[in-house]
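Trainee: I've never looked at this one before. Could you walk me through the names people give to its parts, and how each name is earned?

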Amino acid sequence: MSRMTPFSSPLLLGFDTMEKTLERIAKGSEGYPPYNIERIRASEDGQKAERLRITLAVAGFAEEDLDVSTEENQLVIRGKQADAEGREYLHRGIAARQFQRMFVLADGMHVIGAELKNGLLSVDLVRPEPERMVRKINISVRD
């Protein structure tokens with residue numbers, strides 16, 4: 001028996017990449033590090049376009065321990081701490097673990113900057129207004 005997918009309708013052409021993206025998201029990821037996503041409206045800070053800000057709690061990570069990049073249509077944030085040599089822990093409740101957090105970006109979105117402050121990594125993305133486009137298609141008649 002074949003599996004019925006939401007994008008199997010013959011009216012939805014070219015959405016196969018979206019289906020693969022949804023499958024990748026559905027596989028899930030762990031909840032570390034925790035993050036917020038907020039909308040920054042254009043009128044709030046004098047910017048023309050609406051922006052999004054992703055803020056991750058990365059306490060204990062230095063700037064050189066973090067990597068923010070875009071790969072195809074994904075924002076990838078990686079963190080890797082090196083264990084400090086010469087330390088002897090009696091109790092270790094704060095793990096120096098690595099993480100990778102990925103966010104799928106819509107077409108046209110791009111990263112405009114990242115800032116690390118007080119253990120919070122903020123990544124700003126611009127969300128441009130979509131252009132309304134209407135195009136007339138000529139119909140040819142064959143005899």
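**Strands and rings**

Mentor: Sure. This is a predicted model. Let's begin with strand S6 (residues 110–117) and strand S7 (residues 120–127), which pair in the antiparallel sense over seven bridges.

Trainee: How do you know that S6 and S7 pair?

Mentor: Pairing asks for at least two bridges, and S6 and S7 have seven bridges. So the strands pair, going by that cut-off. Take Glu115: its bridge partner in S7 is Ser122. S6 and S7 form a hairpin with two residues between them, and Asn118 in the turn has a positive phi of about 55°.

Trainee: What about the sheet with the order S3-S4-S5? What makes S3 and S5 its edge strands?

Mentor: That's an open sheet of three strands with antiparallel pairing. Strand S3 (66–71) and strand S5 (99–104) each pair on one side only, and that makes them the edge strands. On average, neighbouring strands of this sheet are turned by 15° against each other, direction ignored.

Trainee: How do you know that strand S4 and S5 pair?

Mentor: Count bridges again: S4 (residues 74–79) and S5 have six bridges, in the antiparallel sense. The cut-off is at least two, so they qualify. In S5, Val104 is the bridge partner of Gln74.

Trainee: On to the rings. Why is the pair of Tyr32 and Phe99 called edge-to-face?

Mentor: The structure holds three aromatic pairs. In this one the ring centres are 6.0 Å apart and the planes are at 90°. A pair needs centres within 6.5 Å, and planes over 60 degrees apart count as edge-to-face, so both tests are passed. The pair links distant parts of the chain, 67 residues apart: Tyr32 is in the loop between helix H1 (16–26) and strand S1 (35–40), and Phe99 is in strand S5.

Trainee: And why is the pair of Phe61 and Phe99 edge-to-face?

Mentor: Their centres are 5.3 Å apart and their planes are at 85°, so the name fits here as well. Ring pairs link Tyr32, Phe61 and Phe99 into a cluster.

Trainee: Why does Phe61 count as buried?

Mentor: Its relative accessibility is 7%. Buried means under 20%, so Phe61 makes the cut. Phe99 is buried too, with a relative accessible area of 7%.

Trainee: Last one: how do you know that the charged end of Arg97 sits over a ring?

Mentor: The charged end of Arg97 is 3.8 Å from the centre of the Tyr32 ring, and sits over that ring. The distance cut-off is within 6 Å. Likewise, the charged end of Arg92 sits over the ring of Tyr89, 4.5 Å from its centre.

Key:
Residues are numbered from 1 along each chain as its sequence is written. This is a predicted model: local features need pLDDT of at least 70, side-chain atom pairs count only at pLDDT 80 or more; totals for chains, interfaces and linings use all residues. Side-chain values use heavy atoms; hydrogens and water are left out. Helices (H or I, at least four residues) and strands (E, at least two) are DSSP runs, numbered from the N terminus. Axes are lines fitted to C-alpha atoms, for helices over the stretch in contact, and angles run from 0 to 180 degrees between N-to-C directions. Rings of Phe, Tyr and Trp (its six-membered ring) pair if their centres lie within 6.5 Å; planes under 30 degrees apart count as stacked, over 60 as edge-to-face and the rest as tilted. Buried means under 20% relative accessible area, exposed over 50%, partly exposed in between (1.4 Å probe, protein chains only). A charge sits over a ring if NZ of Lys or CZ of Arg is within 6 Å of the ring centre and within 35 degrees of the ring normal.
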